[in-house]
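This briefing is for a reader who is new to the structure shown below. It begins with the chain as a whole and then turns to helix packing and to single residues.

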Amino acid sequence: METFRAYSSSAIVALAMILIFCVARESVMDAAQESKASATPSGNAENGKRIFNKNGCYECHGREGQGSTMTGPRIAPDPVPFEVLASYVRKPSGEMPPYTAKAVSDQELADIYAFLQSRPHPPTAKAIPLLK
């Protein structure tokens, strides 16, 4: 009987921790969304597309930012928050070359980010006639 009570107590504590984690995560995610909206600089998607192509970003990430398992990760649609993108572009940790502010200004980076945000989601499999 003691083993069952100890097990029950452990399960209750674990469930309580999960509940607390979920509530805390929800509030952090809400705050992050509010911060993301206010911290993202305005950019010009058309100019961003031009810079994305001119600087060769498409060579690894694809013309639509769709990425590839062989060359570079998907960066659109729904790119990471601007601060994360800007930080990685300036000091990447992988194969990507760094793009300093001399190579790509902060405004140009905001334009590229606007372009990535403007990319539409691909159609679902159910919306493609050949796959029905």
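What percentage of the 132 residues of the protein chain count as buried? The share that counts as buried is 24%. The model is a predicted one. The protein chain holds five helices and zero strands, and along the sequence its pattern reads α-α-α-α-α.

**Contacts along the chain**

- Among contacts in the protein chain with a separation of 6 or more, 56% join residues 24 or more positions apart.
- One pair distant in sequence is Leu-116 and Ala-76, which are 40 residues apart along the chain and have C-alpha atoms separated by 5.2 Å.

**Helix H2 against helix H5**

- Helix H2 covers residues 45-54, and its axis comes within 7 Å of the axis of H5.
- The two axes cross at roughly 105 degrees, which makes H2 roughly perpendicular to H5, since angles of 65 to 115 degrees count as such.
- On the H2 side the contact is made by Ala-45, Asn-47, Gly-48, Lys-49, Ile-51 and Phe-52, and on the H5 side by Glu-108, Asp-111, Ile-112, Ala-114, Phe-115, Leu-116 and Ser-118.
- By class, this contact of H2 with H5 has seven nonpolar, three polar and three charged residues.

**Helix H4 against helix H5**

- H4 spans residues 82-90, and H5 spans residues 106-118.
- The axes of H4 and H5 come within 11 Å and cross at roughly 125 degrees, so H4 is oblique to H5.
- The crossing of H4 past H5 is right-handed.
- From H4, Phe-82, Leu-85, Ala-86, Val-89 and Arg-90 meet Asp-106, Leu-109, Ala-110, Tyr-113 and Leu-116 of H5.
- Sorted by class, the contact of H4 with H5 has eight nonpolar residues, two charged ones and no polar ones.

**Leu-116 in H5**

- Leu-116 belongs to helix H5 and takes part in the contact with H4 as well as in the contact with H2.
- Leu-116 counts as buried because its relative accessible area is 1%, and buried means under 20%.
- Apart from neighbours within four places in sequence, Leu-116 is in contact with Phe-52, Ile-75, Ala-76, Pro-77, Pro-79 and Leu-85.

**Arg-90 in H4**

- Arg-90 lies in helix H4, and its side chain reaches the backbone oxygen of Thr-100 at 3.2 Å.
- With neighbours within four places in sequence set aside, Arg-90 is in contact with Pro-98, Tyr-99, Thr-100, Ala-101, Val-104, Ser-105, Asp-106 and Leu-109.

**His-61 and Ser-68**

- His-61 is part of helix H3, which runs over residues 58-61.
- Is His-61 buried or exposed? At 11% relative accessibility, His-61 is buried.
- A polar atom of the His-61 side chain lies 2.9 Å from the backbone oxygen of Pro-73.
- Beyond neighbours within four places in sequence, His-61 is in contact with Phe-52, Gln-66, Gly-67, Gly-72, Pro-73, Ile-75 and Met-96.
- Ser-68 sits in the loop between H3 and H4.
- Ser-68 has a relative accessibility of 33% and therefore counts as partly exposed.
- Outside the neighbours within four places in sequence, Ser-68 is in contact with Cys-60 and Pro-73.
- Pro-73 thus appears among the contacts of His-61 and among those of Ser-68.

Notes. Residues are numbered from 1 along each chain as its sequence is written. This is a predicted model: local features need pLDDT of at least 70, side-chain atom pairs count only at pLDDT 80 or more; totals for chains, interfaces and linings use all residues. Side-chain values use heavy atoms; hydrogens and water are left out. Helices (H or I, at least four residues) and strands (E, at least two) are DSSP runs, numbered from the N terminus. A polar contact is a pair of N or O atoms within 3.5 Å; within protein, one must be able to donate a hydrogen and the other to accept it, and residues adjacent in sequence count only if both atoms are side-chain atoms. Contact means heavy atoms within 4.5 Å. Axes are lines fitted to C-alpha atoms, for helices over the stretch in contact, and angles run from 0 to 180 degrees between N-to-C directions. Angles under 35 degrees count as roughly parallel, over 145 as roughly antiparallel, 65 to 115 as roughly perpendicular and the rest as oblique. A crossing is left-handed if the near helix is turned anticlockwise from the far one by less than a right angle, and right-handed if clockwise. Ala, Val, Leu, Ile, Met, Phe, Trp, Tyr, Cys and Pro count as nonpolar, Asp, Glu, Lys and Arg as charged, and the others, Gly among them, as polar. Buried means under 20% relative accessible area, exposed over 50%, partly exposed in between (1.4 Å probe, protein chains only).
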